[in-house]
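Thanks for sharing this one. Here are a few notes to read alongside the coordinates.

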Amino acid sequence: MSNSPLSEPSPPSGLEAAPTRPDAAPGSAPLSSDQEAPTDPESPSALEPAAPGPEAGPPDSASSDSSGLAFSDDAPAPYSGVRRGLLQAGERVNLHGGNGRRHSIRLAPGQVFHTTKGGVPHDALIGQPEGVVVASAAGLPYIALRPVLEEYTVSMPRGATVVYPKDASHILMFADIFPGARVLEAGAGSGGLSLSLLRAVGPAGRLYSYERRADFAQTACRNVEAFFGGPHPAWRLRLGDLVESIGPEPVDRAVLDLLAPWECVDAVHSRLVPGGFLCCYVATTTQLGRTMETLRAHGGWTEPTAVEVNVRAWQAEGLAIRPGHAGRGHTGFIILARRLADGVQAPLKRRRPAPGAYGPDYDGPRPRGVERPDAETT
Ligand SMILES: C[S@@+](CC[C@H](N)C(=O)[O-])C[C@H]1O[C@@H](n2cnc3c(N)ncnc32)[C@H](O)[C@@H]1O
């Protein structure tokens, strides 16, 4: 694509080339200034330079407090991705049918949403409150609701698989992502987790997202700008491999959703503040084991923990109260550890590993104090 921001010397709105370390490979992208914003976030031109930078004020200030952020009874907090008030032309709305299906439409005067049971005119929705019920020409009812972050994340265009909302919500709480936090993320993929992280850190925070594939970075950029209605002032999307192009900024939290997080442990440790959380999201048990053993062998982390988040929906109809039929299978494992202070090593575990855990067949990284079996016998 000729207007691809990533084929140009300067990156697109919201997307910056990752800073190049002195020892980075030749041809790595150079450090560039923060990028400007697009005007129409859902058009390809969303990737063209054009908008307010990080220092720009929030839109439509009604009043402001000492933080300088705008608040109003009518307007949601800036950069929440939330709208209030009557439905307007140009905004996206979900139509929820009686069969549990959801249809996403962008409201446009004069347009019609077609169903097998006749059409629903957009004009019947424009100017109505959220939650209004409209019927198709043949009487099929639909509830009109604005999409929320969870719905947007699972339905937005994607290149890479997104972190599912059940896992993203766990990450936000247990990696302690807070307003104003400086967070490192890799890879950005489709921007699914970036959305949740940006909402949590807010406009006063920073999210440094690294993505090594240009096409995925563009998708992430489009998705994030479409959700927030433009560039998010906290976001620095950097094109490049995390290890080769990690920026100099200290960060409070780091979240890795990539194939080989163990390759990034040293790099992240060098930027994470003492006490800061590292969260790794991995799909398979082999990734889980290697990541945890690498963290233990490194020694600069607390003992890592791992969880899988299982959520089960329930039905409750009269006396029929039971688990729902629909369910999502395995998504991923969430590994968490906290960075220790410089120059200290994690205390040796007092509990001995399970017999055979690090036996002759194990050839991965070894925690300190756990020797190879042949070394013990010689
Ligand atoms: C599963 S996807 C991330 C999905 C993302 N968390 C989301 O919710 O949309 C993994 C991404 O990591 C990128 N990646 C893998 N290794 C990387 C590295 N060392 N540095 C930067 N990006 C990397 C891949 O290109 C891929 O887009």
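1. Let's start with helix H3 in this predicted model. Its buried residues are Gly 192, Leu 193, Ser 194, Leu 195, Ser 196, Leu 197, Leu 198, Arg 199, Ala 200 and Val 201. That makes ten of ten, so the helix is largely enclosed by the rest of the structure. Just past the end of H3, Gly 202 adopts a positive phi of about 70°.

2. H3 also matters for your ligand view. Together with strand E9 (206-211) and helix H5 (242-245), H3 (192-201) is among the elements giving two or more residues to the shell around the ligand. The shell counts 22 residues, and those that come nearest are Ala 160, Gly 187, Gly 189, Gly 192 and Leu 258. Sorted by class, eleven are nonpolar, six polar and five charged.

3. Do look at the backbone by Gly 187, which sits in the loop between strand E8 (182-186) and H3. The peptide bond joining Ala 186 to Gly 187 is cis, with omega at about -15°. Most peptide bonds are trans.

4. Two further spots deserve a glance on a Ramachandran plot. Tyr 79, not a glycine, has a positive phi of about 60°. This residue lies in the loop between strand E1 (15-17) and strand E2 (92-97). Tyr 79 counts as buried because 24 C-beta neighbours fall inside 10 Å, the cut-off being 20 or more.

5. The other spot is Asp 176, in the loop between helix H2 (165-174) and E8. Its phi is also positive, near 60°. Is Asp 176 buried or partly exposed? With 17 other C-beta atoms within 10 Å, Asp 176 is partly exposed.

Terms used:
Residues numbered from 1 in each chain as written. Predicted model: local features only at pLDDT ≥ 70, side-chain atom pairs only at ≥ 80, totals over all residues. Near = placed C-beta within 6 Å. Helix = DSSP H or I, 4+ residues; strand = E, 2+ residues; numbered from the N terminus. Nonpolar A, V, L, I, M, F, W, Y, C, P; charged D, E, K, R; others polar. Buried ≥ 20, exposed ≤ 12 C-beta atoms within 10 Å, placed from the backbone.
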